[in-house]
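Thank you for making time this morning; I would like to walk through one structure with you, place by place. Please have the sequence and the model open while I talk.

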Amino acid sequence: MTSSELVGIISIHDEAFRKELFEAASEVRKLHYGNDVYVRGLIEFTNHCRNNCLYCGIRAGNTLVERYRLTPEQILSCCEDGYQTGYRTFVLQGGEDVGYTPIQIASLVSSIKERYPECAVTLSVGEYSKEVYRLWKDAGADRYLLRHETADATHYGMLHPKNLTLANRIRCLYDLKELDYQVGCGFMVGSPFQTPDHLAKDLAFLKEFKPHMVGIGPFIPHKDTPFAHQPGGTLELTLTMVALTRLLLPDVLLPATTALGSIHPTGRELGILAGANVCMPNLSPEDVRDKYTLYNNKLHTGAESARALSELSSRMESIGYRVVTHRGDHISKRSRKE
Ligand code: SAM
């Protein structure tokens with residue numbers, strides 16, 4: 001498909017067309033993953049961040065955030081809780097927190113892998129050197145999530161301060177791939193100044209980079225950021241981008257993101273029906289969940305992990321899907337047992 005054809009599809013506002021697109025995407029995901037929905041236990045372990053991304057509620061410049069940093073013991077206790085509930089992937093996500101050194105993160109990863117050797121550990125802690133990524137891989141990390149945010153360098157510059165560049169983001173993604181991580185990139189839909197051309201560029205980048213995972217969620221404004229008064233991304237366009245991503249990368253791991261669940265009561269179900277196949281419920285301690293506020297009205301059920309998982313399972317069953325709790329690796333990285 002050419003770039004102008006993609007821009008055409010992205011710009012269509014026809015309900016019937018969209019329905020067909022979602023059905024086609026759903027069929028493609030079924031070929032690879034049947035009706036299975038993989039779950040990952042998300043641990044938002046720090047909201048300290050050295051960066052000042054203009055859209056993000058935990059940006060360094062936001063002095064109104066109450067900062068927290070979980071200790072390794074607290075993180076291990078979240079993993080234990082998640083393990084008992086059935087999770088076999090733990091995602092450690094946070095701001096770029098200088099209070100956690102690369103060596104401390106490596107030792108955290110090794111502790112998790114020692115206790116739960118059959119579980120996958122995903123890191124999502126931002127931009128580091130290849131050597132640091134290697135240290136974490138050697139410690140046992142399996143996967144890394146680092147959204148590229150937008151594949152257009154000028155647009156990237158409108159969303160980030162000058163010290164952050166698309167070129168470095170892309171360098172990180174290729175380094176991670178070379179180190180044999182399962183790598184996730186991704187982008188926000190409806191971020192300020194975004195055009196259909198930018199979204200077509202995002203898809204072209206996905207096709208070229210061939211990530212194992214893609215995180216796509218609507219931009220949602222946060223009141224204490226420079227983008228407080230910008231409009232948020234829509235449900236319709238986000239679902240369209242999820243479906244197109246499934247069609248472009250048939251076996252990719254594609255989450256129905258928290259942001260999607262935050263803008264619509266059944267956003268995650270709609271994401272699954274548009275081609276997504278992963279959900280990432282929150283395993284963070286309940287008292288810190290409302291401090292990891294990337295955007296306003298962020299979904300958090302407040303339920304402890306076991307109840308949250310059983311609620312998610314019923315929601316997925318209601319649309320004909322089933323939650324499975326194995327590691328859920330990308331097809332190209334599976335051991336024969338799965
Ligand atoms: N620091 C790590 C990084 O940069 O990849 C991980 C944490 S970062 C907060 C996770 C993702 O949250 C970002 O990649 C961004 O796409 C998303 N995000 C941040 N602010 C957002 C907003 N206002 N609306 C929607 N998504 C947002």
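Let me begin with a question: is Phe-193 buried, partly exposed or exposed? Before I answer, I should say that what you are looking at is a predicted model, and that everything I report is computed from it. Phe-193 turns out to be partly exposed, because its relative accessible area is 44%, which falls between the 20% limit for buried and the 50% limit for exposed. If you look for it along the chain, Phe-193 sits in the loop that runs between strand E6, residues 182-189, and H8. Its backbone deserves a glance as well, since phi of Phe-193 is near 70°, a positive value in a residue other than glycine.

There is another residue to set beside it, and that is Asn-297, which also is not a glycine and has a positive phi of about 60°. Asn-297 belongs to the loop between helix H12, residues 286-289, and helix H13, residues 305-318. With a relative accessibility of 67%, Asn-297 counts as exposed.

Now let us turn to the ligand. Around the ligand there are 19 residues, and the closest of them are Tyr-55, Gly-94, Arg-147, Glu-149 and Ile-220. By type, the residues of this shell divide into 11 nonpolar, 5 polar and 3 charged. Which atoms of the protein come to the nitrogen and oxygen atoms of the ligand? A polar backbone atom of Tyr-55 is 3.0 Å from a nitrogen atom of the ligand, and a backbone N or O atom of Ile-220 lies 2.7 Å from a nitrogen atom of the ligand. From a side chain, a polar atom of Arg-169 lies 3.3 Å from an oxygen atom of the ligand. As for how much of the ligand is covered, it exposes 560 Å² when taken alone, and the protein buries 93% of that.

Next, the nonpolar interior. The largest nonpolar core holds 94 residues, and the members that touch the most other members are Tyr-133, Trp-136 and Tyr-144. Taking Trp-136 as an example, and setting aside residues up to four places away in sequence, we find that its contacts include Pro-102, Ile-105, Val-109, Leu-123, Tyr-144 and Tyr-181. There is also a second, separate core of 10 residues, with Tyr-33, Leu-42, Val-91 and Val-324 among them.

I would like to spend the rest of the time on four buried positions, beginning with Arg-143. This arginine lies in strand E5, residues 143-145, and because its relative accessible area is 0%, Arg-143 counts as buried. What does its side chain meet there? A polar atom of the Arg-143 side chain lies 2.9 Å from the backbone oxygen of Arg-327. Beyond four places in sequence, Arg-143 also touches a number of other residues, including Arg-40, Thr-122, Tyr-181, Gly-328 and Asp-329.

Ser-284 lies in the loop between strand E8, residues 278-279, and H12, and its relative accessibility of 1% means that it counts as buried. The side chain of Ser-284 reaches the backbone nitrogen of Glu-44 at 2.9 Å. Leaving out residues up to four places away in sequence, Ser-284 touches Leu-42, Ile-43, Glu-44, Cys-78 and Arg-289; of these, Leu-42 is a residue we have already met as a member of the second core.

Thr-245 is placed in helix H9, residues 235-248, and is buried, with a relative accessible area of 0%. Its side chain reaches the backbone oxygen of Met-241 at 2.7 Å. Apart from its neighbours within four places in sequence, Thr-245 is in contact with Leu-203, Leu-206, Val-214, Ile-216, Val-252 and Leu-254.

Last comes Phe-209, in helix H8, which covers residues 196-209. At 1% relative accessibility, Phe-209 counts as buried. Once its neighbours within four places in sequence are set aside, Phe-209 is in contact with Leu-173, Tyr-174, Lys-177, Val-183 and Cys-185. The C-alpha atoms of Phe-209 and Ala-167, which are 42 residues apart along the chain, are separated by 14 Å.

That is the tour I had planned, and I am glad to return to any of these places on the screen.

Terms used
Residues numbered from 1 in each chain as written. Predicted model: local features only at pLDDT ≥ 70, side-chain atom pairs only at ≥ 80, totals over all residues. Heavy atoms only, no water. Near = heavy atom within 4 Å. Polar contact = N/O pair within 3.5 Å; in protein donor to acceptor, adjacent residues only side chain to side chain. Areas by Shrake-Rupley, 256 points an atom, 1.4 Å probe, with all protein chains shown as cover. Nonpolar A, V, L, I, M, F, W, Y, C, P; charged D, E, K, R; others polar. Helix = DSSP H or I, 4+ residues; strand = E, 2+ residues; numbered from the N terminus. Buried < 20%, exposed > 50% of the residue type's maximum accessible area, 1.4 Å probe, protein only. Contact = heavy atoms within 4.5 Å. Core = buried A, V, L, I, M, F, W, Y, C linked by side-chain atoms within 4.5 Å.
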